[in-house]
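Open your viewer, switch to a cartoon view and keep the selection box handy. We will go from stop to stop, picking a few pieces at a time.

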Amino acid sequence: AIQVAGTTGKGSTTVMAEAILRQAGLRTGAFTSPHLQSYRERIAVAGMPVDSVHWTKALNRLLPTLDRMADNTLPGYSLGRAAFLEVLWAMACLIFAERGVQVAVIETGLGGRLDPTSANTASVAVITNVSLDHVERLGHTLEAIAAEKSGLIQHGQLVVTAAAHPALEVIQARCQARQAVCWPVGDGSAVQVVADGPEPEPLFAVRTPLHCHAGLRSGLLGAHQRLNAACAVAAVEALAHRAGLPVDEGSIAAGLAGASIPGRLEVLDRRPQVVLDGAHNEAGATALAQALGSHFAGRRLALLLGILRDKDYVAITRLLAPLAAAIVVSEPPWHDRAGFAEVVATEARRACGQVSVQAVPAVALRQALTLAGPEDLLVVAGSLYLVGAVRDLLCPETAERLDQ
């Protein structure tokens with residue numbers, strides 16, 4: 001297995017690593033979060049969300065134990081009901097075993113040290129990067145957050161990380177303490193990303209301590225995806241080397257080029273064109289703003305924005321609001337973390353003269369579509385939960401297929 005953590009990019013890295021391994025002919029499993037349109041998206045086998053039969057079978061198998069946990073009647077256990085992610089992770093393990101998964105790529109839910117996914121035997125780990133997010137749980141400094149994320153590192157692992165100073169030093173110290181090998185990603189580091197062609201169809205190369213992979217192209221938009229791709233390539237190569245897996249150059253190139261992930265700079269080809277991107281923290285909003293400037297320069301932009309109350313709404317709004325000609329602020333459909341639209345709208349008005357509030361996502365989407373002309377761009381951002389709700393409305397065929 002490969003375990004993937006990080007503030008941003010862990011979902012993209014997970015998807016790219018899984019796509020490479022599947023392209024190599026291996027039966028893959030992927031555990032990701034959050035979902036956009038169906039809980040079953042979180043557990044995938046061979047690139048497809050698990051079907052409802054296997055989902056229900058795994059949950060039913062766990063229910064007697066879960067009931068005893070909730071009642072504190074399980075011998076040696078007294079912590080009460082299991083957490084949501086703990087249940088999903090246990091289901092994933094059962095499903096992967098039952099469905100004959102050979103290799104799994106596991107996305108950490110939150111942090112690393114106390115995340116349930118850290119109960120695994122992954123020989124390779126990835127920490128994509130470290131920035132300020134979930135500070136109420138992980139800490140208010142980069143060093144504190146890095147300590148939580150690096151808590152997943154196990155004895156003898158190989159750890160790939162694109163984290164920068166000062167978080168990198170924390171991760172390296174943890175690797176040393178656990179006798180783990182650390183491959184930093186960056187200029188002059190063990191893993192490097194090198195441009196290998198001109199814009200706007202940029203090719204790039206990834207150099208690892210084992211090989212140089214040239215002529216690569218990411219199927220995911222955004223220059224930041226090169227760094228995520230480097231993490232994925234290095235992690236897969238390390239796992240293949242350690243476990244003797246049959247991953248060749250063609251599998252790496254084809255896997256990266258064919259990788260896709262809904263809700264991360266996802267472009268829906270319609271009029272107006274719609275871009276869906278979670279951008280739920282400062283790093284994500286920065287990447288989105290840069291990608292919009294690179295791929296959609298000169299386009300008039302309308303923004304449908306929704307941010308949960310525990311996120312850094314000021315940083316996200318200040319990065320995205322100045323790009324928009326008109327903004328509709330809505331509520332991501334997560335009731336106990338919503339109720340923040342008016343506050344977000346007040347901040348957005350500092351940078352944009354046309355800002356309105358429509359709490360219900362369906363109503364907000366209708367209004368945003370009227371504000372964007374046929375040649376304009378409508379960007380939906382600020383929360384993956386809002387992106388999921390909009391995707392339900394714009395891609396109902398996908399929602400129906402996932403509900404079956």
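Contact here means heavy atoms within 4.5 Å. Before we start, note that this is a predicted model, in which local features need pLDDT of at least 70 and side-chain atom pairs count only at pLDDT 80 or more, while totals for chains, interfaces and linings use all residues. Residues are numbered from 1 along each chain as its sequence is written, and side-chain values use heavy atoms, with hydrogens and water left out.

**Stop 1: a loop serine**

Select Ser33, in the loop between β2 and β3. Helices (H or I, at least four residues) and strands (E, at least two) are DSSP runs, numbered from the N terminus. Is Ser33 buried or exposed? Ser33 is buried, with a relative accessible area of 11%; buried means under 20%, exposed over 50% and partly exposed in between, using a 1.4 Å probe and protein chains only. Now show what surrounds Ser33: leaving aside neighbours within four places in sequence, its contacts are Arg42, Glu107, Thr108, Gly109 and Arg264.

**Stop 2: the sheet**

Next, colour the eight strands of the open sheet, which run in the order β4-β3-β2-β5-β1-β6-β7-β8 with mixed pairing. Two strands count as paired if DSSP finds at least two bridges between them. At the edges you will find β4 (48-49) and β8 (181-184), each pairing on one side only. Zoom in on β2 (residues 28-31) and β3 (residues 43-45), which pair in the antiparallel sense over three bridges. Here Ala30 sits opposite Ala44 of β3. Add helix α3 (residues 84-98), which packs on the sheet and touches β2, β3 and β5 (103-107). The direction of α3 makes about 15° with that of β3, where axes are lines fitted to C-alpha atoms (for helices over the stretch in contact) and angles run from 0 to 180 degrees between N-to-C directions.

**Stop 3: the two sides of a helix**

Select α6 (residues 167-177) and show its buried residues: Ala167, Leu168, Ile171 and Cys175. They cover an arc of only 100° around the axis, which puts them on the same side of α6; the arc is that of the directions from the helix axis to the C-beta atoms. An α-helix has 3.6 residues a turn, so residues three or four places apart point the same way. The buried residues of α6 pack against β6 (124-127), α5 (142-149), β7 (158-161) and β8. Turn the view around, and the face away from the buried side shows exposed Gln176 and Ala177. Just after α6, Gln179 takes a positive phi of about 55°.

**Stop 4: salt bridges**

A salt bridge is a side-chain nitrogen of Lys or Arg within 4 Å of a carboxyl oxygen of Asp or Glu. By this rule there are nine salt bridges. Try Glu98 and Lys57, whose side chains meet at 2.8 Å, N to O. Glu98 lies in α3 and Lys57 in α2 (residues 52-70), so the pair ties together parts that are 41 residues apart in sequence.

Then pick Glu266 and Arg391, with their closest N and O atoms 2.7 Å apart. Glu266 is in β12 (residues 266-268) and Arg391 in α13 (residues 384-394), 125 residues apart. Both Glu266 and Arg391 are buried.

Finish with Glu347 and Arg318, another salt bridge (3.0 Å, N to O). Glu347 is buried, with a relative accessible area of 7%, whereas Arg318 is exposed at 55%. Add Arg350 to the selection: salt bridges that share partners join Arg318, Glu347 and Arg350 into one network.
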